[in-house]
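Reader: I am a first-year student, and I would appreciate a close look at a single part of this structure. Could you take the largest pocket and explain what surrounds it?

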Amino acid sequence: MTYFSVVQIDMHPAPYVAATGSARSAQILARLVAERCPGNVFGIRDSADFKGPKSNGFIRDCARSVEVQTLAAQELMAEADDNPGQLLKWHVYFYDSGAGESRFTVNAYLDHDRRVRAKCEADPTLAGRAVVYGDGPSMETLYLMLDAFAARQEATA
């Protein structure tokens, strides 16, 4: 079985927080722990990082808490039909500058990257969003999604 680790990436070397069996469950744990431990930044690795430095006990206990584990399980179950392989979740953001040939732009960020996603969601030019499961979307995929989004926008205008 492949394990994935949640690590605290705002410190060097990144201390270990928790390990889990899928990329998506690690991503959910990283986001939930970050919500409960503000000021800390968490990421994931595609290996079990048991032997490295450990984060403080409060953070590790938070990741293992009944609340966090229950919320993570509920989220995995809720998206089981859309993501049966428990792959990484990417949020794709579409922006509308309002004029010109290149009026729409696109960006994609990982689900657990809370700080960047909060900035994207607060952007006044945000025109839409989508979700992609799997490896990071390629530029070609993003541009195809952008073209489809722009066509829908033009059709409804």
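**The largest pocket and its surroundings**

Author: A suitable place to begin is Q86, which is situated in the loop between α3 and β4. The model is a predicted one, and every value below is computed from it. Phi of Q86 is near 50°, which is a positive value in a residue other than glycine. Is Q86 buried, partly exposed or exposed? With a relative accessible area of 30%, Q86 is partly exposed, because that class covers the values between under 20%, called buried, and over 50%, called exposed.

Q86 is one of the residues that line the largest pocket. The volume of this pocket is about 170 Å³. Its lining consists of F4, S22, A23, I44, R45, D46, G85, Q86, L87, L88, G134 and D135. By kind, these residues divide into five nonpolar, four polar and three charged. The idea behind such a search is simple: a probe the size of a water molecule, rolled over the atoms, shows where empty space is left.

One lining residue, I44, leads from the pocket to other parts of the chain. I44 is among the residues touched by V6, beyond those up to four places away in sequence. The other residues on that list are P15, Y16, V17, A18, A26, L29, A30, F42 and G43. V6 also has a notable place in the largest nonpolar core, which has 33 residues: together with V17, V33, F42, V92 and F94, V6 touches the most other members. At least two residues of this core come from each of β1 (4-8), β2 (16-20), α1 (23-36), α2 (57-64), α3 (66-78), β4 (89-96), β5 (104-110) and α5 (139-156). The largest share, eight residues, is supplied by α1.

I44 has a further partner in H112, which is in contact with Q27, A30, R31, F42, G43 and I44 when neighbours within four places in sequence are left aside. H112 is located in the loop between β5 and α4 (114-122). Which class does the accessibility of H112 give? H112 counts as buried because its relative accessibility is 9%, and the limit for that class is under 20%.

A contrast is offered by another loop residue. S97 is found in the loop between β4 and β5. S97 counts as exposed, since its relative accessibility is 53%. Beyond residues up to four places away in sequence, S97 touches S102 and R103. Between S97 and A127 there are 9.3 Å in space, C-alpha to C-alpha, although the two are 30 residues apart in sequence.

One more loop deserves attention. P13 lies in the loop between β1 and β2, and a cis peptide bond with omega of about -10° joins H12 and P13.

Finally, these parts may be placed in the whole chain. The chain contains five helices and six strands, arranged along the sequence in the pattern β-β-α-β-α-α-β-β-α-β-α. Its C-alpha trace spans about 55 × 30 × 25 Å along the principal axes. Of its 157 residues, 40% count as buried. Of the contacts between residues at least 6 apart in sequence, 66% join residues at least 24 apart. The accessible surface of the chain is about 8900 Å², and 54% of this surface belongs to carbon and sulfur atoms.

Notes:
Residues are numbered from 1 along each chain as its sequence is written. This is a predicted model: local features need pLDDT of at least 70, side-chain atom pairs count only at pLDDT 80 or more; totals for chains, interfaces and linings use all residues. Side-chain values use heavy atoms; hydrogens and water are left out. On a 1 Å grid over the protein atoms alone, a cavity is a set of points where a 1.4 Å probe fits but cannot get out, and a pocket is an open set with protein on both sides within 12 Å along at least five of seven lines; lining residues have an atom within 4 Å of a point. Grid points are joined across faces, edges and corners, and a volume is the space filled by probe spheres set on the points. Ala, Val, Leu, Ile, Met, Phe, Trp, Tyr, Cys and Pro count as nonpolar, Asp, Glu, Lys and Arg as charged, and the others, Gly among them, as polar. A nonpolar core is a set of buried Ala, Val, Leu, Ile, Met, Phe, Trp, Tyr and Cys residues joined through side-chain atoms within 4.5 Å. Buried means under 20% relative accessible area, exposed over 50%, partly exposed in between (1.4 Å probe, protein chains only). Helices (H or I, at least four residues) and strands (E, at least two) are DSSP runs, numbered from the N terminus. Contact means heavy atoms within 4.5 Å. Accessible areas come from the Shrake-Rupley method with a 1.4 Å probe; for residues, only the protein chains shown count as cover.
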